[in-house]
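Reader: I'd love a close look at one part of this model, the ligand site, and then a walk outward through the sheets and loops that make up the rest. Could you take me through it at an easy pace?

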Amino acid sequence: MTCHLKPDARAVTIAVGSELLTPDRTDTNSLFVTARLNAIGIDVAAKHVVGDRRLDLLAVLRESLDHADLVILTGGLGPTADDITRAVVAEAFGVPLLEDGIVLERIRRRFAARGIAMPEINRRQALVPRGATILPNENGTAPGLLFERDGRTVVLLPGPPREMHPMFERFVAEHLAPYAGATRIVRRVLCITGRTESQVDELVQPVYGPWQQADPPIATSILATLGQIELHLSVRAVAPAEGEARLARAAAQLRTVLGTDLFSDDGRSLEQVVGERLLTRRWRIAVAESCTGGLLSSRLTDVPGSSAYVDRGVVCYSNRAKTDLADVPPAIIEQHGAVSEPAAVAMAEGIRLRAGVEVGVGITGIAGPGGGSDTKPVGTVVVAIAYPDGHTVRTMRFVGGREQIKFQSAQAALDMVRRHLEG
Ligand code: ATP
């Protein structure tokens, strides 16, 4: 197979499928393709999601071919009438679709292996734009196609990720790599808690200003996600190790201005970082959760190997459960209310002593939409952490729906534990 891509090629991805334009399905194929292309030094200039309408796809494809060297389409290679990708690519290049005997035989055999005759409709999947190279599909019926014409490369891949990923790895990456420019893109993600996006931006601007003037520059972007701010750094490098070393130095510089607010400089999650700190200290943790309904336990146990430091988690939603499961004295709830600092501290201390561990966490709050009052509006959450030598407690006010409030509460609890352990 020859490839006509020029060095430092620019790519466009097109996800085809009307279901991707509904609220039910997300295009994840473009994320996978972008990561793989970046890793071999190809920039993605644009990405599109298009429905199964011939004229819409034709327009997007033509426009993409105008300014990109490489166009990668996923989806729409199935056997039904709404699977239009093959036909549209043939139309855009003005070549006929021809039935390929080898592909047809392969599809027939795939059906035969399952003991069924190939439905006539599947013949469509053996249609190939004249001159295209066939990429075998080891996990489904629709083969992929690679088509080169007029200095442009167009790759057609099946929609289902479990078919598309292996096909890309086996046939596409290898094919594009030698032509993809001399450099690779290396990335690094830094995660920060305890500051707003604009505060982080203000702090880091003076540090990364000079990087943008350097050759090659380090590209930076700041991203506010729920409960944390992320700094994404990327740089082009001839050797990945050289790029990684540059980003490691950049991360170290950022650490000097961000201090302990920077909890991860390699994309590790807060629960992973907390797990590592607990392991280092040889401490174990037990949690008593009310408004988070077990989310904190769930996140802690998302980390492989967490059984070494997670002892237990209880969901004590009712007042009775707070007493039954975390030994909260009823008088505390009667006097201060279930959402109060004394109640959260009692939950944290109670679960810590019951479990006989070093760290206890208590979370109580109002996730809404009902249940708020003037003094304790929806989003009021109290988190307490108990240790062998005392406790910390904070009352916070989060905004958002139930899910967001629950997530931010768990995030705040993890961060309080982390800060104490890094203390
Ligand atoms: P098939 O031969 O299975 O029909 P196809 O190439 O025609 O393959 P589609 O019918 O377009 O693929 O998509 C099949 C399924 O693959 C979709 O229902 C969806 O679950 C998944 N899929 C398609 N495109 C994407 C995408 N861009 N991101 C994530 N999933 C996708």
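Author: Happy to; what follows starts at the ligand, then takes up the strands and helices, and ends with a few backbone details. Please keep in mind that this is a predicted model.

Let's begin with the site itself. The ligand has 20 residues around it, and the ones that come nearest are Arg25, Asp27, Thr28, Gly78 and Gly159. Sorted by class, that shell holds seven nonpolar, nine polar and four charged residues.

Which atoms of the protein face the polar atoms of the ligand? For Thr28, a backbone N or O atom sits 3.0 Å from a nitrogen atom of the ligand. Two glycines face oxygen instead: a backbone N or O atom of Gly76 lies 3.0 Å from an oxygen atom of the ligand, and for Gly78 the distance from a backbone N or O atom to a ligand oxygen atom is 2.7 Å. As for cover, the ligand taken alone would expose 610 Å², and the protein buries 78% of that. If you are setting up a view of the site, Thr28 and Gly78 are handy residues to pick, as both are listed among those that come nearest to the ligand.

Now for the sheets. One of them is an open sheet of six strands in the order β2-β1-β3-β8-β7-β6, with mixed pairing. Why is one side of β2 and of β6 left without a neighbour in this sheet? Strands β2 (43-50) and β6 (133-135) stand at its edges and each has a single partner strand, so one side of each stays free of a neighbour in the sheet. From one strand to the next, the twist averages 15°.

The β6 edge can be followed residue by residue. Strand β6 runs antiparallel to β7 (residues 144-149), and three bridges join the two. Within that pairing, Thr133 has Leu146 of β7 as its bridge partner.

Two helices pack on this sheet. Helix α2 (residues 54-67) touches β1 (10-16), β2, β3 (70-74) and β8 (152-157), and its direction makes about 170° with that of β1. Helix α3 (residues 85-93) also packs on the sheet, with β1, β3, β7 and β8 as the strands it touches; its direction makes about 165° with that of β8.

Moving along the chain, strand β9 (residues 184-192) has pairings of its own. With β11 (residues 228-237), β9 pairs in the antiparallel sense over nine bridges; here Arg184 is matched with Ala237 of β11 as its bridge partner. With β12 (residues 262-264), β9 again pairs in the antiparallel sense, over two bridges, and the bridge partner of Cys191 in β12 is Ser264.

Further on comes an open sheet of five strands, ordered β14-β13-β15-β16-β17, and its pairing is mixed. The edges belong to β14 (310-315) and β17 (390-397), each of which pairs on one side only. Direction ignored, neighbouring strands of this sheet are turned by 10° against each other on average. At the β14 end, five bridges join β14 to β13 (residues 285-289), and these two strands run parallel. One of the matched pairs there is Val287 with its bridge partner Gly313 in β14. Helix α12 (residues 341-355) lies across β13, β14, β15 (359-365), β16 (380-387) and β17, running at about 145° to β15.

Finally, some backbone details that you may want to inspect in the loops. Which residues are joined by cis peptide bonds? One such bond joins Asp215 and Pro216, with omega of about -5°, and Pro216 lies in the loop between α6 (197-213) and β10 (218-225). Another joins Gly368 and Pro369, with omega of about 0°; Pro369 is found in the loop between β15 and β16, two strands of the five-stranded sheet. Then there is Arg282, which has a positive phi of about 60° although it is not a glycine. You will find Arg282 in the loop between α8 (270-281) and β13.

Key. Residues numbered from 1 in each chain as written. Predicted model: local features only at pLDDT ≥ 70, side-chain atom pairs only at ≥ 80, totals over all residues. Heavy atoms only, no water. Near = heavy atom within 4 Å. Polar contact = N/O pair within 3.5 Å; in protein donor to acceptor, adjacent residues only side chain to side chain. Areas by Shrake-Rupley, 256 points an atom, 1.4 Å probe, with all protein chains shown as cover. Nonpolar A, V, L, I, M, F, W, Y, C, P; charged D, E, K, R; others polar. Pairing = 2+ DSSP bridges. Helix = DSSP H or I, 4+ residues; strand = E, 2+ residues; numbered from the N terminus. Axes fitted to C-alpha atoms, helices over the stretch in contact; angles between N-to-C directions. Contact = heavy atoms within 4.5 Å.
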